[in-house]
Amino acid sequence: MSLKGNLRLMAAFPYRLILGTTGINVLNVGKSLRGLPAYLEDVIAYCSKHSSDQAFSLQFHNLHPCLSDRYSNAGVASGDYFHQDLWAARKIFAANPKEHWDIGSRLDGFIAHLLTFRSVNVIDIRTLESHIDGLTFHQGDVTALDIPDNSLESLSCLHAMEHIGLGRYGDPVDPMGYMKGILELQRVLAQGGTLYFSVPIGRERVEFNAQRVFDPATIIQAFSELELVDFSAVAESGEFVLSANWQNFSYERRACGLFVFKKSE
């Protein structure tokens, strides 16, 4: 790494360390302080307005300041997870497979979408306590799946493979963990089956231990036995780009690549 690159890394490290170890986003502190005067005005206004409903009289020990929400939007309708979860769920709804399996994707987004119209088998290296109808959980390692060859008609792995082998989720550290996982997905996918897959894409690197960022070409080459039938992306700006040219994303800082692969019959 160049001297300039080392200096950038050193400058960013304290902020990332604070965020990673305490969960405190120092960039949000300013927004909270900005909202403090308005919050105090609202406290005074609430107390000055008499109400017969004593259950909701203001008590000091029950104060729970939310100082920055007034400056936020109504919600988030952009970004990697929002677009990828809708993208994959709509494709699976349209394909209507007899059975769907997922490895490592987000439960409170993508899997929740799927459970509105079909049952799902979920595999993750971590444990899960769940009694949700339609959700069948299997604890397992994507680098060594206990699943027969060519057996899964419909399979997804969204924003998960970039973490494999980095130890972030308690898995063994293995620089080639992502490749072992990719080969397992390729192995278990049935002939004629479809794989819905996403990872961060752009200038290739490892951001230890958060994630890897892949050149799209690396992913396409790794799935050498599968055919890429569709590619979309969520750009760094948060814009969803449907049916994109994957070559246009090789040099972004970090985007999200959405790949659909099929195994020939």
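Select Lys 91 to begin. In this predicted model, Lys 91 is partly exposed, with a relative accessible area of 28%. Add Asp 230. The two side chains meet in a salt bridge, 3.2 Å from N to O. Lys 91 sits in helix α3 (residues 80–95) and Asp 230 in strand β8, so trace the chain between them: the pair links distant parts, 139 residues apart. Asp 230 has 16% relative accessibility and counts as buried, because the cut-off for buried is under 20%.

**The sheet**

Now show the strands. Eight of them form an open sheet with mixed pairing. Read across in this order: β3-β2-β1-β4-β5-β10-β8-β9. Which strands stand at the edges? They are β3 and β9 (240–241). Each has a single partner strand, so one side of each is left without a neighbour in the sheet.

Move to β8 and β10. They pair in the antiparallel sense over eight bridges. To find the register, select Glu 227, which stands opposite Lys 262 in β10.

**Strand β2**

Select residues 120–124, which make up β2. Is this strand enclosed or open? Five of its five residues are buried, so β2 is largely enclosed by the rest of the structure. Show the side chains. Val 120, Val 122 and Asp 124 point one way, while Asn 121 and Ile 123 point the other way.

Next, colour the neighbours. Strand β1 (residues 101–103) pairs with β2 in the parallel sense, over three bridges. Trp 101 is the residue opposite Asn 121. Follow the chain out of β1: it passes through helix α4 (residues 107–115) and arrives at β2, a right-handed β-α-β crossover.

Then take the other neighbour, β3 (residues 135–139). Its pairing with β2 is also parallel, over five bridges. Phe 137 in β3 is the bridge partner of Val 122.

Stay with Asp 124. Its partner in a salt bridge is Arg 126, with the closest N and O atoms 3.0 Å apart. Asp 124 counts as buried at 12% relative accessibility, whereas Arg 126 is partly exposed at 38%.

**Helix on sheet**

Select α5 (177–188). This helix lies across β1, β4, β5, β8 and β10. Its direction runs at about 155 degrees to β5.

**The nonpolar cores**

Hide the polar side chains. In soluble globular proteins, nonpolar side chains tend to be buried together. Here the largest nonpolar core has 34 residues. Those with the most contacts inside this core include Leu 155, Met 161, Leu 195 and Ile 219. Which element gives the largest share? Strand β5 (189–201) does, with five residues.

Zoom in on Phe 223, also among the residues with the most contacts in the core. Leaving out residues up to four places away in sequence, Phe 223 touches Ile 182, Leu 185, Gln 186, Leu 195, Phe 197 and Phe 261.

A second, separate core has 16 residues. Select Trp 87, Ala 89, Val 234 and Cys 256, which are among them.

**More salt bridges**

How many salt bridges does the structure hold? There are 10. Select Arg 205 and Glu 207: their closest N and O atoms are 2.9 Å apart. Arg 205 is partly exposed at 25%, and Glu 207 counts as partly exposed at 24%.

Finish with Asp 149, Glu 184 and Arg 187, which salt bridges link in a network.

How values were computed
Residues are numbered from 1 along each chain as its sequence is written. This is a predicted model: local features need pLDDT of at least 70, side-chain atom pairs count only at pLDDT 80 or more; totals for chains, interfaces and linings use all residues. Side-chain values use heavy atoms; hydrogens and water are left out. Buried means under 20% relative accessible area, exposed over 50%, partly exposed in between (1.4 Å probe, protein chains only). Helices (H or I, at least four residues) and strands (E, at least two) are DSSP runs, numbered from the N terminus. Two strands pair if DSSP finds at least two bridges between them. A crossover is right-handed if, with the strands pointing away from the viewer, the path from the first strand over the helix to the second runs clockwise. A nonpolar core is a set of buried Ala, Val, Leu, Ile, Met, Phe, Trp, Tyr and Cys residues joined through side-chain atoms within 4.5 Å. Contact means heavy atoms within 4.5 Å. Axes are lines fitted to C-alpha atoms, for helices over the stretch in contact, and angles run from 0 to 180 degrees between N-to-C directions. A salt bridge is a side-chain nitrogen of Lys or Arg within 4 Å of a carboxyl oxygen of Asp or Glu.
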